[in-house]
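Biologist: Please take a close look at a single part of this model and describe it in connected form. I should like to know which residues are buried there and what surrounds them.

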Amino acid sequence: MKNLTNENGADHGHIYRMLKLIRRVEEKVAEVYPTDKIKSPVHLSIGQEAVAVGVCDALDETDFVSGTYRGHASYIAHGGDLPAMIAELYGKAGGISRGKGGSMHLADAKNRILGSSAVVGTTVPISLGFAMGLMRQKKPGIVASFFGDGATEEGAFYESLNFAALKKLPVLFILENNGYAIHTPLSKRWATHDLLKRVETFGIPTESVPDMDVFEIRAAARRLLRGIRAGEGPGFLECKTYRWSEHVGPGQDYESGGYRDRTELEPWQKNDAVAMAARELPASVVSAIDAEVEEQVARAFDFAEASPFPGLHELTEHVYSETANA
Amino acid sequence: MRELRYVDALREAVEQEMDRDPNVFVFGLDVDDFKAIQGSTEGLLAKFGPDRVFTTPLSEDAMTGVAIGAAMSGMRPIHVHIRMDFLMLCMNQLINMASKSHYMYGGQFDVPMVARCMIGKSWGQGAQHSQGLYSMFMGIPGLRVAAPANAYDAKACLIAAIRDNNPTIFVEHRLLYPTTAPTPETEIVSTPGKGRLLAEGDDVTLVGVSNMAVECLRAQELLRDAGISAEVIDPVWLLPLDIDIVARSVRKTRRLIVVDNGWTVCGAGAEIIASVAERLQLDVPFQAARMGFEFTPCPTTPSLEDGFYPNPKTIALKAFAMVNGGPGDWQPDAERAKLAYQLQFKGPF
């Protein structure tokens, strides 16, 4: 039997479990979606799981994660409450935000997951503020801030790079570069492809992982985190990745969309992080983990099914925080 | 009671809250320079140091996000903008994130932040340093909007805004900075949504927003010469809005003029008049009028700027015509009009 822990301390079994869990949750979401039981748009992470899993595996328990509207993966990878997430997608009272946020606005404060946003790039400066708050209040932890390639075109992104570097904020920037902003490829959006060079001009160290190798992603995150935790300021990790599903919704759009060809998908599928992680483990371990994952997913969906919808009285709750610093 | 300038009331409120709570901090372009936002942040850097009082890059969009994130982490940021016009650079974060985070995350996060901003006027402020854009925020659930018009309310509202766990757009007016009012050294905390009766009267209700509250008070003084008794109300908070205090007055006067510190279309005046009408329905028929900026960008030259803003004279003439069923031939005495311009609200608070 192979050693389950590699030389960097990565627990292969755990990493496989998280990859598989995200994959199966997403597949189950896609399966349930046509029934209309899920009451919010879904942006699936299928194919991109290794970014969240590799990064979150490198984080400490005191660290925070800020995700995007394609945020199921980072939410699950950082230990977000899974039944409450599925109930949130169902719009149920048992949802993590009592059905008021849905898939695009997942947040789990208890598990250190900041809220995601449907407006691209908006969470990036919020991550900075949160990290500054931790630093000033002498609380432990850093903020791992995930965003896509589209976010890097927003003005607030550059403002954030500058401010994070200026104030040496404990932020790990993670670019999930899947090459498309909805259906528009990078070639129609970027004057040059040297994004990391642009980032480096702010004095921010960068790493790039081209192939969704989850262990490489984890190792690169760990290298950057050393500097961040030492007070040297932010780090920037680019993970090239590929969105297997359509932009929003449960299906695929290779034939129908006309903006990309299925041949683009093939190398990524050959390199599927979930399958590769499974190959690193004994078959008996894989099947045991798979069975546990199936049960965990089923429990989460059962919880969502059984949870009631919130009563109409909840419509007007939480518009304002009723507490004050009296 | 001690007379305090509006600008010093702002400074004092922040200083006292920073003393009280180490999580309160002030940031924004030039809050720590020698001019200290016209004096409103003076001395804070020396007392509290650069971790709690610091300038920023000109990145209003991201800096607003920083305020939101810091607020979510347990701090109480005060983000300062020397002109309200610059809030347009912050709209995405204010409208899409600050106002909605508590709700869309099911109450898991609070956003206790204050965006201080100043409306400019005169000395050629022009189109982009003069806008009173608060009505844009008045229709956004999750926000609070304060627009105090005297030193006492400035202190009380700012303390309330800092302590409140919701994001507050705090609207100041440059011309109010030197005005004084009796203001206690002790802490005073305004109740969001509570307006203020500035002067009692029977014939017409004048509601003035921000600096226009003072202009209404001056108009009331002029109207007295014409035998017209005007009641003057300052809403103080624009969200939530104190409709009770206005409706109560209109029930008595049957006449309502709202003088806005902005354009009238979709403005605070429209909201106030509509809300009062809904409240009173046909039980209490009343005449209503809106006054506000001319529907043009603000011009720079004084000869045009004079016509852009309502002033005590135009307000008085409007009220006179409403009370008398037409303009008549009354004109406020020129000397009296000049003197009325020195009038400030002195309480009682």
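Modeller: In helix 4 of chain B, the buried residues are B:Met91, B:Gln93, B:Leu94, B:Ile95, B:Met97 and B:Ala98. The model is a predicted one. Helix 4 spans residues 91–98 of chain B, and because six of its eight residues are buried, that is, under 20% relative accessible area, the helix is largely enclosed by the rest of the structure. The partners of these buried residues come from both chains: helix 5 (123–136) of chain A on the one hand, and helix 3, helix 5 (101–104), helix 6 (135–138) and strand 7 of chain B on the other.

Two of these neighbours lead further into the structure. Helix 3 of chain B, residues 60–72, also packs with helix 6 of chain A, residues 155–166, at an angle of about 65° and with the axes 8 Å apart. Since angles of 65 to 115 degrees count as roughly perpendicular, helix 6 of chain A is therefore roughly perpendicular to helix 3 of chain B. The crossing of helix 6 of chain A with helix 3 of chain B is right-handed. On the side of chain A, the contact is made by A:Ala156, A:Glu159, A:Ser160 and A:Phe163; on the side of chain B, B:Glu60, B:Asp61, B:Ala62, B:Met63 and B:Val66 take part. Sorted by class, this contact of helix 6 of chain A with helix 3 of chain B holds five nonpolar, three charged and one polar residues.

Strand 7 of chain B, the other neighbour to follow, borders a loop that runs to strand 8 (180–182) and contains B:Tyr177. Aromatic pairs number 20 over all chains. One of them joins the rings of B:Tyr6 and B:Tyr177, whose centres are 5.8 Å apart and whose planes stand at 35°, so this pair is tilted. B:Tyr6 belongs to helix 1 (residues 6–20) of chain B, and the pair thus links distant parts of the chain, 171 residues apart. Both partners are enclosed: B:Tyr6 is buried at a relative accessible area of 0%, and B:Tyr177 counts as buried at 2%.

Chain A has an aromatic grouping of its own, in which ring pairs link A:Phe147, A:Phe157, A:Tyr158, A:Phe173 and A:Phe236 into a cluster.

Key
Residues numbered from 1 in each chain as written. Chains lettered and ligands numbered in written order. Predicted model: local features only at pLDDT ≥ 70, side-chain atom pairs only at ≥ 80, totals over all residues. Heavy atoms only, no water. Axes fitted to C-alpha atoms, helices over the stretch in contact; angles between N-to-C directions. Helix = DSSP H or I, 4+ residues; strand = E, 2+ residues; numbered from the N terminus. Parallel < 35°, antiparallel > 145°, perpendicular 65-115°, else oblique. Left-handed = near helix turned anticlockwise from the far one by under 90°. Contact = heavy atoms within 4.5 Å. Nonpolar A, V, L, I, M, F, W, Y, C, P; charged D, E, K, R; others polar. Phe/Tyr/Trp six-rings, centres within 6.5 Å; stacked < 30°, edge-to-face > 60°. Buried < 20%, exposed > 50% of the residue type's maximum accessible area, 1.4 Å probe, protein only.
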